[in-house]
Amino acid sequence: MASRRRRTRRSKKTGYSTIGAFLFVGIIYLKTLIDSNPGAATAVLLILLASPFLYFAIKKSIIYRNYRNVDIAKVDKMTGLEFEEYLAPLFEIHGYSAKVTQGSGDYGADLVVSKKGVKTVVQAKRYSSNIGVSAVQEIAAAKPFYHARKAMVVTNQYFTKQAKSLARANGVTLVDRDSLMAMINGAYRYERNTALIDRVKALISFRRTEGE
């Protein structure tokens with residue numbers, strides 16, 4: 001479990017390092033072009049400015065396309081850790097920042113997500129049976145530890161009547177199987193990312209041609 005999370009963190013660091021290296025090399029190259037070819041230098045500058053946007057937009061677009069291939073039946077076959085790591089980008093697609101907590105000592109929260117300055121602790125329950133009160137109790141207890149304003153339990157199943165009652169009393173949001181499927185289907189709306197990428201590429205191409 002820990003090794004998988006380390007690989008995820010290394011992957012993120014590699015992405016940031018790639019952007020940094022690209023910008024560094026590009027700036028050096030740009031300096032050599034400014035005097036000799038101002039038009040080409042302008043094109044390179046536009047590419048440098050657009051590269052972070054392109055990287056993250058393309059990354060989100062790839063994540064979006066991956067969600068086309070995941071249905072609830074595949075979620076049912078995931079391990080607990082796989083479900084947690086699946087939910088993180090799903091929340092991100094819906095406008096949250098999301099982080100999977102450490103496997104041990106997570107104090108009841110599997111993910112911490114934020115949107116518009118509101119932090120929410122999330123417990124992920126990939127189960128084969130309905131979810132009882134213990135999940136609600138654990139995430140409610142985790143909320144003050146993480147200084148979160150909201151708490152949520154997400155599952156591929158449904159909640160017992162007792163769990164729903166306790167959640168209402170503690171202000172815990174419950175995302176059951178139907179709501180999870182709606183979240184997955186809602187990710188399709190983000191296909192517009194691809195259109196944004198195409199527009200930026202067209203702009204860079206136009207500027208490059210104009211500079212020549």
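Modeller: A polar contact is a pair of N or O atoms within 3.5 Å; within protein, one must be able to donate a hydrogen and the other to accept it, and residues adjacent in sequence count only if both atoms are side-chain atoms. This is a predicted model, in which local features need pLDDT of at least 70 and side-chain atom pairs count only at pLDDT 80 or more, while totals for chains, interfaces and linings use all residues. Residues are numbered from 1 along each chain as its sequence is written, and side-chain values use heavy atoms, with hydrogens and water left out.

Colleague: What makes the pair Asp176 and Asp178, at the start of H7, a polar contact?

Modeller: A side-chain oxygen of Asp176 reaches to within 3.2 Å of the backbone nitrogen of Asp178, and because the limit is 3.5 Å, the pair counts as a polar contact.

Colleague: How many helices and strands does the protein chain have, and what makes a run of residues one or the other?

Modeller: There are eight helices and five strands, where helices (H or I, at least four residues) and strands (E, at least two) are DSSP runs, numbered from the N terminus. Along the sequence they follow the pattern α-α-α-α-β-β-β-α-β-α-β-α-α.

Colleague: Why is the pair Asp76 and Arg177 called a salt bridge?

Modeller: The term asks for a side-chain nitrogen of Lys or Arg within 4 Å of a carboxyl oxygen of Asp or Glu; the closest N and O atoms of Asp76 and Arg177 are 2.8 Å apart, so the pair qualifies. The pair links distant parts of the chain, with Asp76 in helix H3 and Arg177 in helix H7, 101 residues apart. The structure holds one salt bridge.

Colleague: Are the two partners, Asp76 and Arg177, buried or exposed?

Modeller: Buried means under 20% relative accessible area, exposed over 50%, and partly exposed in between (1.4 Å probe, protein chains only). Arg177, at 16% relative accessibility, is therefore buried, whereas Asp76, at 26%, is partly exposed. Also buried in H7 are Leu180, Met183, Ile184 and Gly186, and in the protein chain of 212 residues, buried residues make up 39%.

Colleague: How do you know that Phe83 is buried, and which residues does it touch?

Modeller: Phe83 lies in helix H4, and its relative accessibility is 0%, so it counts as buried. Contact means heavy atoms within 4.5 Å, and, not counting residues up to four places away in sequence, Phe83 touches nine listed residues, among them Val75, Met78, Val154 and Leu180. Thr155, which Phe83 also touches, is 72 residues away from Phe83 in sequence and 9.2 Å away in space, C-alpha to C-alpha.

Colleague: What makes a set of residues a nonpolar core, and which members of the largest one touch the most others?

Modeller: Such a core is a set of buried Ala, Val, Leu, Ile, Met, Phe, Trp, Tyr and Cys residues joined through side-chain atoms within 4.5 Å. The largest has 24 residues, and Val75, Phe83, Tyr86, Leu87, Phe91, Val154 and Leu180 touch the most other members. H4 gives the largest share of this core, seven residues. Leaving aside neighbours within four places in sequence, Leu87 is in contact with Leu111, Ala124, Val154 and Leu180. A second, separate core of 17 residues includes Val112, Ile139, Ala151 and Val172.

Colleague: How do you know that S1 and strand S2 pair?

Modeller: Two strands pair if DSSP finds at least two bridges between them; S1 and S2 (residues 111-115) have four, in the antiparallel sense, so they pair. The bridge partner of Ser97 in S2 is Ser114.
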